[in-house]
Amino acid sequence: MPKVKIATEWLAGCAGCHMSLLDLDEELVKVLEAVEITSSPITDLKHPPEVTVGIIEGAVANTANVAVLKEMREKCQILLALGDCACFGGIVTMRNLVPKEEALRTGYVDTPSTVDGAVPSDPELAQLLDRVQAPNEVVKVDAYLPGCPPSAAAIGWAIQELLAGRIPAPVGEHLRYD
Ligand code: SF4
């Protein structure tokens, strides 16, 4: 039986959700009998191939995140938002408490560790959005698994639900906040 192809992408957030995915350990070995992970943040594949399930982690903070997310939507039959940041923006939306220009000035000009005291202006660099958005503000998302980060067990459960052709509907036992 052909394996179900899964791609994962990491938008704006921390590595917590991805580390939790990797924490599947032996469960991951079982999962890999049924799925092929075609791309992930650690494979450095710039463009994911067409897959059945796309797992997105993190919120949408800049133009590069928008491009990656739209490409994931085009290439994935089902898009799963993994973790609070991907579900509703999570902690990344704290940046929305200050205007973008103030956030850039704080990060690049007023910070002692800054290199040259200027906001980078290279047009090749991704540009910050005016406000951080949840992925579902940019594209249609099919399934959600909140948590910060979701537990490995909950991620395994969600993947099994998807493999069974069901959209995961998490309940209390699937939610974790560390
Ligand atoms: Fe990190 Fe939590 Fe956001 Fe996941 S949901 S990317 S663990 S801050």
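A residue counts as buried under 20% relative accessible area, as exposed over 50%, and as partly exposed in between. The exercises below apply this and other criteria to a predicted model.

**Exercise 1. Classify Arg131 and Glu137 as buried, partly exposed or exposed, and state how their side chains meet.**

Solution. Step 1: Arg131 has a relative accessible area of 41%, and because this value falls between the two cut-offs, Arg131 is partly exposed. Step 2: Glu137 also has a relative accessible area of 41%, so Glu137 is partly exposed. Step 3: the two side chains meet in a salt bridge, with 3.1 Å from N to O.

**Exercise 2. Describe the salt bridge between Lys75 and Glu71, and classify both residues by accessibility.**

Solution. Step 1: the closest N and O atoms of Lys75 and Glu71 are 2.7 Å apart. A salt bridge requires a side-chain nitrogen of Lys or Arg within 4 Å of a carboxyl oxygen of Asp or Glu, so the pair qualifies. Step 2: both residues belong to helix H3, where they lie four residues apart, about one turn of the helix. Step 3: Lys75 has 21% relative accessibility and therefore counts as partly exposed. Glu71, at 16%, counts as buried.

**Exercise 3. Determine which parts of the chain are tied together by the salt bridge between Arg73 and Asp142.**

Solution. Step 1: the closest N and O atoms of Arg73 and Asp142 are 3.0 Å apart. Step 2: Arg73 lies in helix H3, whereas Asp142 lies in the loop between strand S6 (128-133) and S7, so the pair ties together parts that are 69 residues apart in sequence. Step 3: Arg73 and Asp142 are both buried. Step 4: a network of salt bridges links these two residues with Lys140. In total, the model contains six salt bridges.

**Exercise 4. Give the strand order of the open sheet, identify its edges, and place helix H3 relative to its strands.**

Solution. Step 1: the sheet has five strands in the order S2-S1-S3-S5-S7, with parallel pairing. Step 2: strand S2 (35-39) and strand S7 (143-145) each have a single partner strand, so one side of each lacks a neighbour in the sheet, and these two strands form the edges. Step 3: from one strand to the next, the twist averages 25°. Step 4: within the sheet, S3 (residues 51-57) and S5 (residues 76-82) are joined by six bridges. Gly54, for example, has Leu79 of S5 as its bridge partner. Step 5: helix H3 (residues 63-75) lies across S1 (4-10), S3 and S5, and runs at about 135° to S5.

**Exercise 5. Locate Asn96 and list the residues that Asn96 touches, not counting residues up to four places away in sequence.**

Solution. Step 1: Asn96 is found in the loop between H4 and helix H5 (100-108). Step 2: its relative accessible area is 31%, so Asn96 is partly exposed. Step 3: with those sequence neighbours left out, Asn96 touches Arg131 and Val132. Step 4: Asn96 and Gln133 are 37 residues apart in sequence, and their C-alpha atoms are 9.2 Å apart in space.

**Exercise 6. State which residues surround the ligand, and how they divide by character.**

Solution. Step 1: the surrounding residues are Cys14, Gly16, Cys17, Gly83, Asp84, Cys85, Ile91, Gly147, Cys148 and Pro149. Step 2: helix H1 (16-22) and helix H4 (84-88) are the elements that give two or more residues to this shell. Step 3: the shell divides into six nonpolar residues, three polar and one charged.

Conventions: Residues numbered from 1 in each chain as written. Predicted model: local features only at pLDDT ≥ 70, side-chain atom pairs only at ≥ 80, totals over all residues. Heavy atoms only, no water. Near = heavy atom within 4 Å. Nonpolar A, V, L, I, M, F, W, Y, C, P; charged D, E, K, R; others polar. Pairing = 2+ DSSP bridges. Axes fitted to C-alpha atoms, helices over the stretch in contact; angles between N-to-C directions. Contact = heavy atoms within 4.5 Å. Buried < 20%, exposed > 50% of the residue type's maximum accessible area, 1.4 Å probe, protein only.
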